[in-house]
Each structure stands twice: as structure tokens, then as C-alpha cells.
Amino acid sequence: MWYRPFPWLIVGAALVYALLPYFTDNIGLRESLLLAAIYIILASNLNLMIGYTGYVNFGNIVFFGLGGYVCLYLVNDFHWPVVFAAFAGGLAVSALALLFGLGILRLRGAFFALATIGVNQAIAQLVTNFEPWGGATGIYLSLDAYGPLGGPLQALWITYLLIVALMAASLLLSYAIKNSKFGLGLLAIGQNEDAAAVLGVPTPLYKAMVYSTSAFLPAVAGGIYFFKSGIIEPTSAFNLQTSIEAIVMVMLGGAGTILGPALGAFLYEELRGFLLTAATFSQFQLVIAGVLLLLIVQFVPGGLMGLIYRRAPRMRKILE
Amino acid sequence: MSALLEVAHLSKRFGGLEAVSDLSFTVGEGEILGLIGPNGAGKSTVFNLINGVHRPDSGRVIFQGADITGEAPYRVARRGLARTHQIVQPLAELSVLDNCTVGACFGRENLSLAQGRTVVREVAEWVGLADRLDDPAGQLTTAGKKRLELARALCSRPRLLLLDEVLAGLNPTETERMIEVIQKIRTRGVAILIIEHVMRAIMSLSGRIVVLNLGRWLAEGSPAAVANDPKVIEAYLGDPKLLAAAEHS
Amino acid sequence: MIGIVASVIDGVLIGSVYGLAAMGLTLIWGVMKVINLAHGAIVVLGMFILYLMASALGLPAYGAIPVTIAIGFVFGVALYWIAVHRMIGRPELMSLLATFSVNMVLIGLGTAWWSTSPYNVPVSIPGVTWGRYTFTGTHIMAAILAAVIAGLLYLLLYRTRVGKAIRAVANNREAAELAGIPTTQVLSFAFGLGVALAGVSGTLIATLFPFTVLSGEAYQLKGFVVTVLGGLGNPAGALLGGIALGLIEGLATPFMPVSWIPIVEFGLFVFCLIAFPRGIFAFSKA
């Protein structure tokens, strides 16, 4: 895939994204870019399920939260270096997802969607009662955990770069999969699962594989993110609302495309930032997101990218 | 000649309805076997039982010597048994090329995307879809979608092809075209089990015919023999005496 | 031992209300193959209608029931036209997201209005004593009302022309259309009916327990478990499934902390879906 221009565009954009706060020496910018990057990671990986395979993973946040927990646990109790711990979190969560996936992916449509919510709630409940992970209070990182990274201030910059790298990796992964045989099988499943099976696509295996794959990068990102925050506790780690917003982002930008989820995440974050200063109640966030989702599904199911493709059909080949 | 496909004492019941009952027949290498019968005779159900969409209540399906009874559809496809559907199932938002590539890459041979695409271009050429490869499958005409259904199944390089009413809804020119394609498929050594209502077509294409009625085997033999079998005529028209009377008046 | 029996009987009583809620869900699915993910939010709506009528306006509690049915029906029809109509025939993903977005809006508005504090509507009816145990009057009343409403639904579905039309559309929409039935109107009617059932079950639940805006989620999951137990599209099965669920809860409550019950239900849900795709009480052929 490195023979095509698009992957290089992603790498280039990521470099700009990474270096922008450096050159402007703007910490506020770094923080908001970090948050946007997290959402792009969540949305892009979620897109593998929603956009390619047509399965809505309502509980996608569970990967992020669980990855965070594994990472912080390894760093706090076993003094692992954060990169290894986050990576281990990614592997552990993917493995678990593969196991779960083989079970719940037998369910179709809404049942699968509900099952994913159930998984999130069940894991949140289990973690809340799990003492080695701090139960309901969670895990607090001691400040010397940042020592190996050169102290807390430097750690903030390093974790930012790591997250941007993960963001680029998410987009590149989406691209690689979409142009692979595996991706074609997924798209076939998304169009008509039964027809795909009759054509020879090994549907149970592929679904489990994409579920597991879609768990990896968010889990690693969760590890880095909560490491940076210094604390993780069940309510924020498994926050269903974030999960839902990721879905809106994917639909807003255009499910099934590569840039779509990234665009959607970015725009949604901007919208949210604007709303939080304009409206007093944060509860309206959910209402606005709901109305947005409804409008998109009714009138613009292809999202922003869908609109672009309709106006300029040539763009289909250039901007994926 | 060893049987490529052997169907033995297949039975399937849906609720109160016995869709298929104690059905047995074989398909030999390279032959075209026609499956006919009045509406509701259970023909599509037979296909579903063969390729794993439904599990038979009793009986066995043996393909190339292996027992594939109740095996999942994707495994059956991997063995080289492809099928088309009566109601076409295009992967609508994907291009014709992508549709066929799915068939090519996940079929009997485990091909890469590039290899699959080569196969597709070749098949598309003689099925007549070469100029529509980049179009979204959902935008094809009915005839085009039928051709796609066939092309997709062919791309998987099957040994046996199950065709389910592939001529339904086509005008005479399109029908002729499709019949040519089917004959061409046979020359490449692919055996075909075909369900069809267009009598002229199935009679001319098939080497042998099996007749079903109400889920049961009714008759079997050459097209001519079957066409003149009074049991078959009765099944289709009702009463042989009526037919005789109609012929005399 | 007798404590368990009492718990189980109580569970059955409450289960009939779960069954009522699930009937709405299964009806909508049966008729138009749409899973109403706003179900939980509508249950909450029913709860708050009771609150508004009984506590705020001081009207008799059970009088809220016909009000909820009426409001629920109208609301349901409106919802059909706003969110669901264009989704029929499109990939299931779309109708899921559409009804889910409605859920988001309703819960968001509800939270803004009523926050997430618990509300309670005290309803007192004399209970029934049997041996050493007293069964709460409200529980018995709720079960009776649930049975009555279910009976009315049965009459509607099987003894009226509208009901026949609904069953026809559920069976085969194209054929019904060809037979001259205005299927789109039937769909909107059925959706309104399903929503009304969900709402009224909320009203009944509110007579039994305190609730918050977020209570809907638990009842949505229960609704799904029941629907799966009873078989999709089968209202009679839903009622039985509800009672079965109530039974299971009654058996489980003495033995485990309340917060684990949703997890058990979730496990049951997934297990049933995988092991019994047709439902345990599958009466219908499909």
C-alpha cells in the first residue's frame, strides 16, 4: 500500500498534527488536539465494525477502558514501562475480544448491538467490584511513574506524540484492511451476510477477527490516555455516552470511508466545544447528538464523505 | 462415471409442511441435470439443503465423495460448489468487479486480490459484463443482475454450479444469451444442476431431468422421456384424461 | 423456603408487567422488523406521566393508565413518521440508529427536565395476606391490569378488522398491500400501539418502585430478554416470557446483590439468543 499516495498523506498529516503544538508552544492546543486524536482513534476503529461489516458496536468504549486498566495496573503494581504496558493492554483486550466475539457475533443486528452494551456494563460492574484494580475508586498513579519519561511535563509531550502515532496507525490500519482480501470479505458481509457466506466468505471467523482487531488500538490508546491522566475509575473508563458519541462521529463523517470517521470526530469535537460554551446544560449534548444522528440517518446516511462523493464522484478514488 | 454430487433420502419439514421428502438423485461429472416440477415442489429447498442454508431432517449430501450434509454454506463454497439465487442477491453498493472478486477470492481456490481480479476480467468477458465492471451492482438491470449472479458464482471456479431459475424475468434475447453462456460453462467441465421453469430451455440444456412434485421424486430420465411421462403431465396439468380430451377436440 | 415461594410469586406478578412491556417491543418487530431502541425511554415516559398526574396534579394514580395509552399511541405514530418510516426496507443498521437517536433525544431531554434524581409515586392499596405473607396490593393490581391490557390487545388483534390488517401485514406486507390494505397506515398504527404498550408498562412499574430518568435502560434489557424468551413477534410468548423472567428474578433476588441481576439477565439474554433462536415458547412457525 506504500506505493499509493494516500498512506503518505496520512503520515504527512499526522506529522503536522504532532508538531503543531510544538512550534506554536501552545499547551491548550495540545490538549484539545489530544482529545480529538483520541476520538479519531475510537471512531476509526469503530468504523471497521460499523462501516465495513455493518455491525454496530454500541459498547466500543469497553476496549478503551479495559486497556486503560490493564496498562495502569501493570505500571502501578509491576512498574512496567508505559509503552510495554499499553501494548500488553492492547493484546490482552484483543484476545478477550476474540473470545467474546466468537460468542456474541452469532447475534444479528440489534441483538448484537445490545449484547455489546451488556458487555460494557458487565465489565464495568466487574471492575467496580474488583479490589486489585481499586474497585469503585479506581487506580491512582503515583507521580514517580512519570520518572522514566523524564518527569511529568515531558511525559505530557511524549504521551501526546504516542497518541498521534496511534491515530495515524488507526487510519493506516483502516486503509490497509479496506484494500485487502480480508476487507473485501468484511464489506461483502456488510452488504449481505448470507450472500457473502454462500460465496465462501468465512463469516464467523472474519467477524470475530474484525471485532478483535477493532479492539487493539483503542485499548493501547486507553492505556496511554489514562496513564497521562494519572487516574482511572469505572464511571469514566466505561462511559457509555462516549461510546455513543463515537457512533455519531462515524455516521457524521461517513461510515465505511477512511477519512470519514476522522472528519466526523474532529467536527463533532468542535461542535461540542462550541456547545459547552454556549449552552449551560451538558445534558443537551445528548439531545443534540441524538438529533444530529437522526438527521444523518434519515437524510444523509453517507455522512460528509457521502455528500462529497455525490458532488464530486471523482473524489471516490482519491479521497477514501 | 462417478457421481460428483449424491443426494440420498433427503427430507426437510418446515413446521407442518413437508417441503422435501425422501429425495435421492445424483449429478455426474460434467453433466447438466435439470430439476423441474410445479410450483411449490420444493426445488429451491433442495438447493438450500445441498449448500448448507438449511440442515436436512434426514438424509445425506455427498459431494466429491465427502459427506457435506449440513455443512456451513461458506465451507460448501470452498469445496467447489457454487450457487445462484432465484431472487438475486447483489452486494449492491460494491462494484460489479468487487462482487465477482469476492466469488473469485473466497471460492474453491484461495486466491489473492490480484489473482482474483484476473479471473474476474476473464469471466466478465464471456458472460458479458466486461463494460460494467466499475458500476455499483445495485444499478444493473434485472438481466445484468442475473448475469452478475452467474458470473460471481463462476468466478469461484466451481466443479458444480447450482442455478436457480436464472432465466426468470429475461426477454427472449437475454434468454438466448444466457443459454449460450450456460452451454459454454459446461464445455469447461463444470457440472450444472439447474432449476428452471422455462421448459424449452431446460429441455434443450439438460442431459437428464429429475421431476419433483410436492417434495417427492416423481420421475427421472432423458428430457424426451420425461416430457411424455403421464405422471409428469398430470402433475403439471392435473388429469391425463383431461389432456387426452383436449387433444381430441 | 416459604420466603422463596413468596419471592417467586411476587416475581410472577411483576413479571406480567415485564411481559406487557415486551409485548410492545415484539409487536413492532413482528410487524415491521424494526427493533425499537427507544423502548426504554418510552417506559420512562410512562413513569413520568404517572408522576405528573398523581403527584403533581393529584389525580388518582391508576387514572393515568388510559392517559398513557392515549399519549403513547399518538407519540408512537408521530415517532413512526419522524424516525422510522424512511427506514423500512433499508439495512437494519439504519433503523437501529434511527430509533436509538430518538432514545438519545428523549433521555437527554428527560435528564434536562428531571435530572437523574429518583422519583417516587406513593400508591397504596390494601394488600392480600396469605398465611404469614402479605402480597403488596400494588403488585397484585399491576399484574391484574397487565393481564387486562394484554387481553384487550388480544381482542384487538384477533377480533377486529384493524387487528386482522396488522396480522396480515406482519405475515406478508406485499400480499397485504395487494389485498388492498393500506400497509403504511397499518405500520404507523402498529408502532403507535407498541409504544403505547411500552408507556403503560412504565406507568404500572412506577406504581411499584421508585425510578429515575435512567431506569429505562434496565427495562429495555428486560424487554429484550423477555422478547427473546418468548420468541420474536409473538405477543402471547412475550407475556409468558415476562412471567418467566419475573420468576427467575424472584428466584435470584434472595441470593444475590441487586446490581448483579442485570448481568445475570444479560447472560441469560445472550445464552437464549444463541441456544434458542426461535424463543423457548415458540408458538409460531417462523
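How many bridges join S1(B) to strand S4 of chain B, and in which sense do the two run? Keep that in mind for a moment, everyone, and good morning. One reminder before we look: this is a predicted model.

Here is the reply. S1(B) and S4(B), residues 58-63, run antiparallel, and five bridges join them. If you want a pair to find on the screen, take B:Val7, whose bridge partner in S4(B) is B:Val61.

S1(B) also has a second partner. This strand, residues 3-14, pairs with strand S2 of chain B, residues 17-28, in the antiparallel sense over eight bridges. Two residues sit between S1(B) and S2(B), giving a hairpin. In the turn you will find B:Gly15, with a positive phi of about 60°. Two opposite pairs help you follow the hairpin: B:Lys12 faces B:Val20 in S2(B), and B:Glu6 stands opposite B:Thr26 of that strand. As background for anyone reading along a strand, side chains in a regular strand alternate between the two faces of the sheet.

Let's stay in chain B and go to another sheet. This one is open and has six strands, in the order S6-S7-S8-S3-S9-S10, with mixed pairing. Its edges are S6(B), residues 81-83, and S10(B), residues 216-221, each of which pairs on one side only. From one strand to the next, the twist averages 20°.

At the S6 edge, S6(B) pairs with S7(B), residues 160-164, in the parallel sense over three bridges. There, B:Leu81 stands opposite B:Leu160 of S7(B).

Now, which helices lie on these strands? Helix H1 of chain B, residues 43-50, lies across S3, S6, S7, S8 and S9 of that chain. H1(B) runs at about 150° to S7(B). Helix H9 of chain B, residues 230-237, packs on the sheet too, touching S9 and S10. The direction of H9(B) makes about 130° with that of S10(B).

Next, the domains of chain B. Domain 1 takes in 3-80 and 158-248, while domain 2 covers 92-152. Their C-alpha centres lie 25 Å apart. Where they touch, 11 residues of domain 1 are in contact with 10 residues of domain 2. On the domain 1 side, the elements giving two or more residues are helix H2, 73-78, and helix H6, 172-187, of chain B. H6(B) has the largest share of that side, with four residues. Sorted by class, the domain 1 side has five nonpolar, two polar and four charged residues.

That leads us to the nonpolar interior. The largest nonpolar core has 289 residues, and those with the most contacts inside it are A:Ile163 and C:Ala190. Domain 1 and domain 2 of chain B both give residues to this core, so it lies between them. Let's zoom in on A:Ile163. Leaving aside residues up to four places away in sequence, A:Ile163 touches A:Leu34, A:Ala37, A:Ile38, A:Ala221, A:Ile224 and A:Tyr225.

Last topic: how the chains meet. Between chain A and chain B, 16 residues of chain A are in contact with 22 residues of chain B. Two helices of chain A, H7 at 181-191 and H8 at 193-198, each supply at least two residues of the chain A side. H7(A) gives the largest share of that side, six residues. The side of chain A that touches chain B divides into 10 nonpolar, five polar and one charged.

Chain C also meets chain A, and this contact takes 29 residues from chain C and 31 residues from chain A. On the chain C side, helix H4, 92-114, and helix H11, 261-275, each supply at least two residues. Which of the elements gives the most to that side? The helix to look at is H4(C), with 15 residues. By class, the side of chain C that touches chain A has 23 nonpolar, four polar and two charged residues.

That's the tour. Thanks for listening, and I'm happy to go back to any part of it on the screen.

Definitions and conventions:
Residues numbered from 1 in each chain as written. Chains lettered and ligands numbered in written order. Predicted model: local features only at pLDDT ≥ 70, side-chain atom pairs only at ≥ 80, totals over all residues. Pairing = 2+ DSSP bridges. Axes fitted to C-alpha atoms, helices over the stretch in contact; angles between N-to-C directions. Contact = placed C-beta atoms within 7 Å. Core = buried A, V, L, I, M, F, W, Y, C linked by C-beta atoms within 7 Å. Buried ≥ 20, exposed ≤ 12 C-beta atoms within 10 Å, placed from the backbone. Domains from an automatic or database assignment. Nonpolar A, V, L, I, M, F, W, Y, C, P; charged D, E, K, R; others polar.
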